Amino acid sequence: MPATETDAASPRKARRKRDGDGSASRQRVLDAAIACILSRGLYRASSNAIAEQAGLSWGVIQYYFGSREALMLAVLEEGARRLTDSVRDAAITGTTVAERVGSYSAILERYYGSPDYLAFTQVMLGLSHDPRTSDTTMATLRRISEDAMPPLRKLQDDVLAGVSPRRPEVRTLLFHALRGLALSHVMLGAVPSNDMTGASREFPEQRGLLAEALALLIERDSAPEGPAGQ
C-alpha cells in the first residue's frame with residue numbers, strides 16, 4: 001500500500017518533536033549549570049552536581065555538550081546571547097547628557113545587575129586561567145568578548161551624541177563605571193550575611209548621582225579649551 005501524505009509527514013513530525021525536546025533539554029542543562037555555579041561556586045559545580053540539578057544523567061548531558069569544558073563554554077555563549085538580547089532593541093532616551101547616561105545605566109543594569117552574570121564571570125575567569133583549557137575554547141572566549149562590543153559601543157555613541165570628550169579614557173570610563181555599580185550591587189546581594197534592605201533603597205539614588213557626575217565630566221571634557229595660559 002503506498003504511503004499517504006500523512007504517513008510521509010509522520011517521520012518529519014517525530015524529528016521536529018525530538019529536536020524541540022532536545023532544545024528544551026539543552027536549555028534545562030544550561031539553566032541548571034548556571035544555578036549550580038551560583039549556589040556552589042564554579043569548582044564545586046561538578047558534572048554530577050549539574051546533572052543532579054538538571055534532573056538528568058551525566059550521560060544525557062554529554063550527549064548534548066560532550067565534556068564539562070564544552071558545557072562551561074556553552075554557559076558563556078548563553079550569557080553572550082542574553083547580553084545581545086538585552087541590548088539589541090534597546091534605545092537611549094533623554095535630551096540631556098545626564099538623562100542619556102541614566103538611560104544607558106538602566107540598559108546595562110538589566111544584564112550586568114543580574115545574579116546570573118556572576119556565574120558567567122566565574123566561568124570566564126575559570127576557563128581563561130585554566131592551563132588545561134583547549135586552544136579552540138580560548139579562541140571562542142576571545143570571539144565572545146569581541147562580539148559583545150559593537151552593540152555596546154553603538155549605545156555609548158548614542159549617549160555621547162552632540163558631545164565629544166577629548167580624552168578616550170572618559171569614553172571608556174562611562175561603560176566601566178556604570179557596569180561596576182550594577183555589578184557591585186549584585187555582588188553585595190550574593191553575600192548571605194548581608195542585609196541589602198538599605199543598599200537596595202540607595203541604589204536608584206546612587207545610579208542617579210553617578211549619572212550626574214559622569215555627565216558633568218563628559219560635558220567638561222567636551223568643552224572648548226580656553227586660550228593658553230588661562
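A nonpolar core is a set of buried Ala, Val, Leu, Ile, Met, Phe, Trp, Tyr and Cys residues joined through side-chain atoms within 4.5 Å. In this predicted model, the largest such core holds 57 residues, and those touching the most other members are Leu71, Met72, Val101, Tyr104, Tyr112 and Leu174. The greatest contribution to this core comes from helix α4 (residues 68-88), with eight residues. Leucine 174 offers a good place to start exploring: leaving aside residues up to four places away in sequence, its contacts are Val101, Tyr104, Gln156, Val159, Leu160, Leu214 and Ile218.

Turning to the pockets, the largest has a volume of about 380 Å³. Its lining comprises 18 residues, of which Tyr112, Tyr117, Met124, Ser145 and Arg179 lie closest to the centre. At least two lining residues come from each of α4, α5, α6 (116-129), α7 (135-159) and α8 (168-190). By class, this lining has 14 nonpolar, three polar and one charged residues. The second largest pocket has a volume of about 220 Å³, and Met72, Arg68 and Glu69 are among the residues that line it. Here α4 and α6 are the elements giving two or more residues to the lining, which has five nonpolar, two polar and four charged residues.

Confidence across the protein chain has a mean pLDDT of 86, with 84% of residues reaching 70 or more. Helix α5 (residues 97-112) has the highest mean, at 96, while α1 has the lowest, at 69. Residues 1-20 have a pLDDT below 50, and this stretch has zero contacts beyond near neighbours in sequence. Serine 25 is also found in helix α1 (residues 5-40). This serine 25 counts as buried because its relative accessible area is 19%, under the 20% cut-off.

Technical notes
Residues numbered from 1 in each chain as written. Predicted model: local features only at pLDDT ≥ 70, side-chain atom pairs only at ≥ 80, totals over all residues. Heavy atoms only, no water. Helix = DSSP H or I, 4+ residues; strand = E, 2+ residues; numbered from the N terminus. Buried < 20%, exposed > 50% of the residue type's maximum accessible area, 1.4 Å probe, protein only. Contact = heavy atoms within 4.5 Å. pLDDT = per-residue confidence, 0-100. 1 Å grid on protein atoms, 1.4 Å probe; cavity = no way out; pocket = protein on both sides within 12 Å on 5 of 7 lines; lining within 4 Å. Points joined across faces, edges and corners; volume = space filled by probe spheres on them. Nonpolar A, V, L, I, M, F, W, Y, C, P; charged D, E, K, R; others polar.
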